[in-house]
Amino acid sequence: MRYAFLDEEAKKEIRRSILKAIAIPGYIVGFASRELPVARGWGTGGLQVTLAIINEEDTLKVIDQGCDGSVNAVNIRNFIKSVTKVNTTTKTLDASIIQTRHRVPEIDLQEGQTLVYQVPMPDILETVEPNISKAKLLHANADYSKLWVLLYEDTSMYGDSRISNRYPVMVNDRYAMDPSPIPKYDTPKLNDCKALQLFGAGREKKIYAIPPYTKVEPLKFEDREFKVENFDGKACARCGSVHSFLDEVYDDEGKATYYCNDTDYCDTQKEKQGNN
């Protein structure tokens, strides 16, 4: 079997697309998405990006909605390990490559790390311009007036945007970008991040990137504060953290309990408490 499943020509082509994406932050680059033993829509874009850049010295972490133990995360991690023999970890800071779906890790990423996002829909303009040719022209002219109109309509009617995830961001003051379906809570983490961020959409055959230390800002009006999910007065029932994105879980009696969404962050907090 070939190392990392993909043939060398496929990896070369994906790497060229990644390099172009890094050179033009936020710009969407096409690539020839390959067939994988995973159905399209289940992370094939992120998987191909990871398989194209990984080598024997890497340590891999895979999370799905912040969890290392979900079915999607476990299956992808086991597959990559079976075709590369790399070491795997659940510790964010021990990983050189982190493949993720729908979250940015709670623990700050460091230089030398690469965060690979699984992306379902790569173009943020598709919500306001379904014609792909017209959307490309809008990107070329940096014409994002339709996005601003969408935000204005929400703000005038509801006081704030109704967008709860995939919140549009402006990368390096040039391209409006879809940050994948991460919650608004994670959007500020994209800015000036020390790690390389790569986005792969297998079904749509698109790759884009945010190089380290790149300016990334959410689209918002100057007189409006960018608001994220609010967990004031709530704490994780396991580690007690009040500084993380929380999942709301209901018991049979309808009582809500909150837990850290990021399992590694929650485990790390528990370990710190045990050492004190």
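The following exchange concerns the sheet, the helices packed on it and the nonpolar cores of a predicted model.

In this predicted model, local features need pLDDT of at least 70, side-chain atom pairs count only at pLDDT 80 or more, and totals for chains, interfaces and linings use all residues. Residues are numbered from 1 along each chain as its sequence is written, and side-chain values use heavy atoms, with hydrogens and water left out.

Trainee: Which are the edge strands of the open sheet?
Mentor: Strands are DSSP runs of E with at least two residues, and helices are runs of H or I with at least four, both numbered from the N terminus; two strands pair if DSSP finds at least two bridges between them. Seven strands form the sheet, with mixed pairing, in the order β1-β9-β8-β5-β4-β2-β3. Those that pair on one side only are β1 (29-30) and β3 (87-88).

Trainee: Which residue in β3 is the bridge partner of L60?
Mentor: Strand β2, residues 59-64, pairs with β3 in the parallel sense over two bridges. In β3, the partner of L60 is T88.

Trainee: Which helix gives the most to the largest nonpolar core?
Mentor: Such a core is a set of buried Ala, Val, Leu, Ile, Met, Phe, Trp, Tyr and Cys residues joined through side-chain atoms within 4.5 Å, where buried means under 20% relative accessible area with a 1.4 Å probe, protein chains only. The largest has 28 residues, and I14, L47, L51, I80 and I207 have the most contacts inside it. At least two residues each come from α1 (8-23), α2, β2, α3, β8 and β9. The top contribution, five residues, is that of α3.

Note on methods
Buried means under 20% relative accessible area, exposed over 50%, partly exposed in between (1.4 Å probe, protein chains only).
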